[in-house]
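Let's take a friendly walk through a protein structure, one feature at a time. Keep the 3D view open and turn it as you read.

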There are 2 protein chains.
Amino acid sequence: MSTKTTLLYSYWRSSCSYRVRIALNLKGIAYEIKPVDLMKGKGDQHHEDYKKVNPLQKVPALEINGHTLVESLNIMHFLEETQPQPPLMPSDIFKRSKVREICEMIQSGIQPLQNMGVLSHIEALAGKEKPLEWAQHWIVNGFKAVEKQLTAYPGKYCVGDDVTLADCCLVPQVYNAKRYKVDMAQFPTIMRIDNELKTLPAFHAAHPFNQPDCVTVNK
Amino acid sequence: MSTKTTLLYSYWRSSCSYRVRIALNLKGIAYEIKPVDLMKGKGDQHHEDYKKVNPLQKVPALEINGHTLVESLNIMHFLEETQPQPPLMPSDIFKRSKVREICEMIQSGIQPLQNMGVLSHIEALAGKEKPLEWAQHWIVNGFKAVEKQLTAYPGKYCVGDDVTLADCCLVPQVYNAKRYKVDMAQFPTIMRIDNELKTLPAFHAAHPFNQPDCVTVNK
């Protein structure tokens with residue numbers, strides 16, 4: 001392995017950056033945060049310097065061993081494949097499938113519909129009252145499905161009693177839900193698991209409020 | 001392995017069902033299609049009988065060896081893990097990452113923003129002229145990024161000269177783009193790869209028009 005510093009290009013409030021921060025912390029991988037301010041001017045992700053890192057102009061991006069990786073779930077699976085201990089995927093084939101299922105329900109079923117880019121398009125289309133309602137609708141819709149699946153599957157965390165990549169996706173999505181004032185009392189299993197996970201140091205350290213670029217006035 | 005029939009709950013035009021059909025065909029796994037008509041009445045996916053198969057009321061769902069799997073990428077990775085030949089993931093760790101990256105760009109960056117459920121919400125919010133424009137915007141936006149990544153990566157297909165899960169995602173998304181009248185001439189690398197893939201029997205057999213539930217009048 002190279003001795004180069006591992007760099008995470010991250011925005012404190014980006015839930016996709018948050019997922020990767022949790023996974024890096026759980027794996028015990030030392031990394032340096034390179035903040036990319038999505039709210040500054042037209043967004044630092046569109047700056048020429050950042051385009052050289054990630055031509056897709058998105059966060060997160062991970063520089064590791066001379067390679068730059070993008071897309072959050074891809075990065076997390078790369079970490080799992082290259083540094084298997086401690087495992088964030090079960091060895092059982094059906095449990096692995098369950099982890100991927102929960103990740104996918106959040107990653108493709110909820111997050112893309114309530115990110116900043118989409119909400120600004122909703123505002124342009126239908127007025128400034130609509131983005132909040134839109135975000136709430138898709139988070140509630142997606143979390144109803146996630147709640148159903150989690151309730152049917154016993155365990156301390158999303159899939160059994162060990163922390164997995166599904167947990168790395170769940171906690172940032174709950175953070176988003178709260179930002180958008182979703183009534184989380186309707187999702188008791190999600191909240192039980194979120195509360196368990198929040199006690200773990202890896203999750204605590206990855207929280208948006210604990211990032212170097214966190215703008216405290218917006219907390 | 002069980003001798004039970006493998007059943008794919010599928011809708012001919014669903015791009016997520018289409019991805020899984022391609023992967024099953026490439027793996028040479030015999031399966032029976034159980035059509036779920038998303039357009040019939042309120043949608044057969046909400047019927048009580050189907051809720052017993054998939055409480056999430058979505059397609060695809062795969063019944064295999066007594067288990068029911070949901071979420072398309074999850075199903076495809078399950079097939080890869082349980083039936084590794086022929087491989088749809090490279091063995092090289094960085095090529096694997098590249099495959100997951102392309103899959104994720106389509107699966108979370110494009111498809112969720114242009115599916116039927118989202119478009120009907122856009123129509124309710126902004127009128128019946130808007131869904132087409134909305135779908136085109138997000139497909140073009142996402143395909144610009146995919147085109148950039150594919151052009152930077154040499155090979156006959158998405159990632160090198162072997163067919164991978166990335167190709168299983170690309171072709172159905174190109175099908176959707178054409179349905180929504182996106183000008184595909186602006187994406188020459190995507191079109192080159194799509195044209196290569198369409199010559200393969202596994203892709204041809206999985207095409208919406210070749211499904212038992214295809215409504216020919218809508219072709």
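## How helix packing is described

Two packed helices are described by the angle between their axes and the distance between the axes. The axes are lines fitted to C-alpha atoms over the stretch in contact, and the angle runs from 0 to 180 degrees between N-to-C directions. Please keep in mind that this is a predicted model.

## A contact between the two chains

Let's begin where chain A meets chain B. Helix 3 of chain A (residues 72–82) packs on helix 4 of chain B (residues 93–107), with an angle of about 155° and axes 8 Å apart. Angles over 145 degrees count as roughly antiparallel, so helix 3 of chain A is roughly antiparallel to helix 4 of chain B. The crossing of these two helices is right-handed.

Which residues make this contact? On the chain A side they are Ser72(A), Leu73(A), Asn74(A), His77(A), Phe78(A), Glu81(A) and Thr82(A). On the chain B side, helix 4 brings Ile93(B), Phe94(B), Arg96(B), Ser97(B), Arg100(B), Glu101(B) and Glu104(B). Sorted by character, the residues of this contact are 4 nonpolar, 5 polar and 5 charged.

## Helix 3 of chain B and its neighbours

Now look inside chain B. Helix 1 (residues 15–27) and helix 3 (residues 72–82) of chain B have axes that come within 9 Å and cross at roughly 10°. An angle under 35 degrees counts as roughly parallel, so helix 1 of chain B is roughly parallel to helix 3 of chain B. Helix 1 contributes Cys16(B), Arg19(B), Val20(B), Ala23(B), Leu24(B) and Lys27(B), while helix 3 contributes Ser72(B), Leu73(B), Ile75(B), Met76(B), Leu79(B) and Glu80(B). This contact divides into 8 nonpolar, 1 polar and 3 charged residues.

Helix 3 of chain B also packs with helix 7 of chain B, at an angle of about 145° and with the axes 11 Å apart. Helix 3 of chain B passes helix 7 of chain B in a right-handed crossing. Leu73(B), Met76(B) and His77(B) of helix 3 meet Leu165(B), Cys168(B) and Cys169(B) of helix 7. Here the split is 5 nonpolar, 1 polar and no charged.

## Helix 8 in each chain

Which residues of helix 8 (residues 188–198) of chain A are buried? They are Thr189(A), Ile190(A), Met191(A), Ile193(A), Asp194(A) and Leu197(A). These buried residues pack against helix 6 (130–151), helix 7 (165–179) and helix 9 (201–206) of chain A.

In chain B, helix 8 (residues 188–197) has Thr189(B), Ile190(B), Met191(B), Ile193(B), Asp194(B) and Leu197(B) buried. Their cover includes helix 6 (130–151), helix 7 (165–179) and helix 9 (201–206) of chain B. Try zooming in on Ile190(B), which sits in helix 8 of chain B. Its relative accessible area is 0%, so Ile190(B) counts as buried. Leaving out residues up to four places away in sequence, Ile190(B) touches Phe143(B), Val146(B), Glu147(B), Leu150(B), Leu170(B), Val174(B) and Met184(B).

## Cysteines without partners

A disulfide is a covalent bond between the sulfur atoms of two cysteines. How many disulfides are there over all chains? The count is 0. For Cys158(A), the nearest cysteine sulfur is that of Cys103(A), 8.1 Å away. For Cys169(B), the nearest is that of Cys103(B), 3.9 Å away. A disulfide would need the two sulfur atoms within 2.5 Å. Cys158(A) is buried at 1% relative accessibility, and Cys169(B) is buried at 0%.

## Details in the loops

The loop between helix 2 (48–53) and strand 3 (61–64) of chain A holds Asn54(A). Asn54(A) has 1% relative accessibility, so it counts as buried. Not counting residues up to four places away in sequence, Asn54(A) touches Pro60(A), Ala61(A) and Val70(A). Pro60(A) lies in the loop between helix 2 and strand 3 of chain A, and a cis peptide bond with omega of about 0° joins Val59(A) to Pro60(A). Gln57(A), in the loop between helix 2 and strand 3 of chain A, has a positive phi near 55° without being a glycine.

Another cis peptide bond runs from Gln85(A) to Pro86(A), with omega near -15°. Pro86(A) is in the loop between helix 3 and helix 4 (93–107) of chain A. In chain B, Asn65(B) has a positive phi of about 50°, though it is not a glycine. Asn65(B) belongs to the loop between strand 3 (61–64) and strand 4 (67–70) of chain B, and its relative accessible area of 25% makes Asn65(B) partly exposed.

Definitions and conventions: Residues are numbered from 1 along each chain as its sequence is written. Chains are lettered from A and ligands numbered from 1 in the order in which they are written. This is a predicted model: local features need pLDDT of at least 70, side-chain atom pairs count only at pLDDT 80 or more; totals for chains, interfaces and linings use all residues. Side-chain values use heavy atoms; hydrogens and water are left out. Buried means under 20% relative accessible area, exposed over 50%, partly exposed in between (1.4 Å probe, protein chains only). Helices (H or I, at least four residues) and strands (E, at least two) are DSSP runs, numbered from the N terminus. Contact means heavy atoms within 4.5 Å. Angles under 35 degrees count as roughly parallel, over 145 as roughly antiparallel, 65 to 115 as roughly perpendicular and the rest as oblique. A crossing is left-handed if the near helix is turned anticlockwise from the far one by less than a right angle, and right-handed if clockwise. Ala, Val, Leu, Ile, Met, Phe, Trp, Tyr, Cys and Pro count as nonpolar, Asp, Glu, Lys and Arg as charged, and the others, Gly among them, as polar.
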